[in-house]
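Please look over the sequence and the model shown here before reading on. The paragraphs that follow start at a single residue and then widen to the chain as a whole.

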Amino acid sequence: MDLSVPVTDDVKLHFRHRPGTASLPFLLVHGMASSARLWDEVADHLAAAGHAVYAVDLRGHGDSDAPETGYDIPTAVADLVAASAALGLDRVVVAGHSWGGNISVRLTAEHPGLVAALALVDGGWLEPAKAFSSWDAFVGALRPASLEGATVRSVSDYFRAIHPDWSPAAIEAAVATMRENPDGSLSRRMSTEQHMSILHSIWNEPPRPWYAAIGVPTLLMPAIPKGADAKWADRIRSRIRETTADLRHATMREYLDSEHDLHAQHPRRVAADLLGLAREASGRSATHG
């Protein structure tokens, strides 16, 4: 079910919604230049377990409106708060991937009454000013690749080659993060200026200062890249633990030999971990209720 939800007088966000009757619904937040569709297979498993699911297209992404401004973490948080109110959501399990993790951290810290539990899917702990030697190095690593000459077929073939264990649905969802033009070519949904605005927000607003305000169960779900030796894997673990030390109720579930888009690569396992988090949050609520 597709929902169009107003968050300001002139901006509506698109949600991919699956109904459910379980006590805690899920709010799924994608990363930069991605979309709600990458969550589809995870959402199917969550809905099969009885949970309502709301996967958002953030502004400028997917089928949501794309105003000229508002491509920063505070605005994304405000959009989600307004959408949650419009949808009648008052306690949700939030899962944020990549940049969506940063957004979800701040949402949880600033609006503790809304969030029952938090999952950070290979994101929510990046401190680019520490991880990169300079702003230019950071931008160089995250600047979108040129789509000159790209078509649905060529990009689909490319994604199948680099993601051999992704399902056909995940490949289609990845291609759909781009806009198909009438001539069959592909283009970015966001302008360069909008993309750069998000990067500035990531650089200037790291999530660490918000951790101490988070008191809900939090699940850290890092991807350990394929080919990472023991020392490399230990560095990843140590960096995440050090960065997130102020999270009072955090546990870590590692995804070995995995890619950044865990929800596309391992949807069944990601859903199982999210369902476990929801059970923990429900049990905690019952204990404290």
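In which loop is K226 found? K226 sits in the loop that runs between β10 (223–224) and α9 (230–243), where helices (H or I, at least four residues) and strands (E, at least two) are DSSP runs, numbered from the N terminus. This is a predicted model, in which local features need pLDDT of at least 70 and side-chain atom pairs count only at pLDDT 80 or more, while totals for chains, interfaces and linings use all residues. Residues are numbered from 1 along each chain as its sequence is written, and side-chain values use heavy atoms, with hydrogens and water left out.

K226 has a relative accessibility of 73% and counts as exposed; by the convention used here, buried means under 20% relative accessible area, exposed over 50%, and partly exposed in between, with a 1.4 Å probe and protein chains only. Once its neighbours within four places in sequence are left aside, K226 is in contact (heavy atoms within 4.5 Å) with D257 and S258. The C-alpha atoms of K226 and S258 are 5.7 Å apart in space, although the two residues are 32 residues apart in sequence.

Is H263, in helix α10, buried or exposed? At 1% relative accessibility, H263 counts as buried, and, leaving aside neighbours within four places in sequence, H263 is in contact with L38, W39, V42, H97 and V270. A271, which is found in helix α11 (residues 267–288), is also buried, at 1% relative accessibility. Not counting residues up to four places away in sequence, A271 touches V42, H45 and L46. V42 is thus named among the contacts of H263 and among those of A271.

Helix α7 (residues 168–175) offers another view of buried residues, for A170, I171, A173, A174 and V175 are buried there. What covers these buried residues includes α1 (40–48), α6 (152–162), β8 (186–187) and α10 (262–265).

Two loop residues deserve a careful look at their backbone. Most residues other than glycine have a negative phi. S98, in the loop between β5 (92–97) and α3 (99–110), has a positive phi near 55°. D122, in the loop between β6 (115–121) and α4 (128–131), has a positive phi near 45°, and D122 is buried, with a relative accessible area of 17%.

The UniProt record, an unreviewed entry, carries the annotation "domain: AB hydrolase-1" for residues 25–149; such annotations may be inferred rather than shown by experiment. The span of residues 25–149 is 38% helix and 18% strand, and its end C-alpha atoms lie 41 Å apart.

Now consider the whole chain, whose secondary structure comes to 11 helices and 12 strands. Its radius of gyration is 18 Å, close to the 19 Å that the globule rule gives for 289 residues, so the chain is as compact as a globular protein of that length; the radius is taken over C-alpha atoms, and the rule is 2.2 Å times the number of residues to the power 0.38. Along its principal axes the C-alpha trace spans about 60 × 45 × 35 Å. Of the 289 residues, 50% count as buried, and residues 24 or more positions apart account for 74% of the contacts with a separation of 6 or more.
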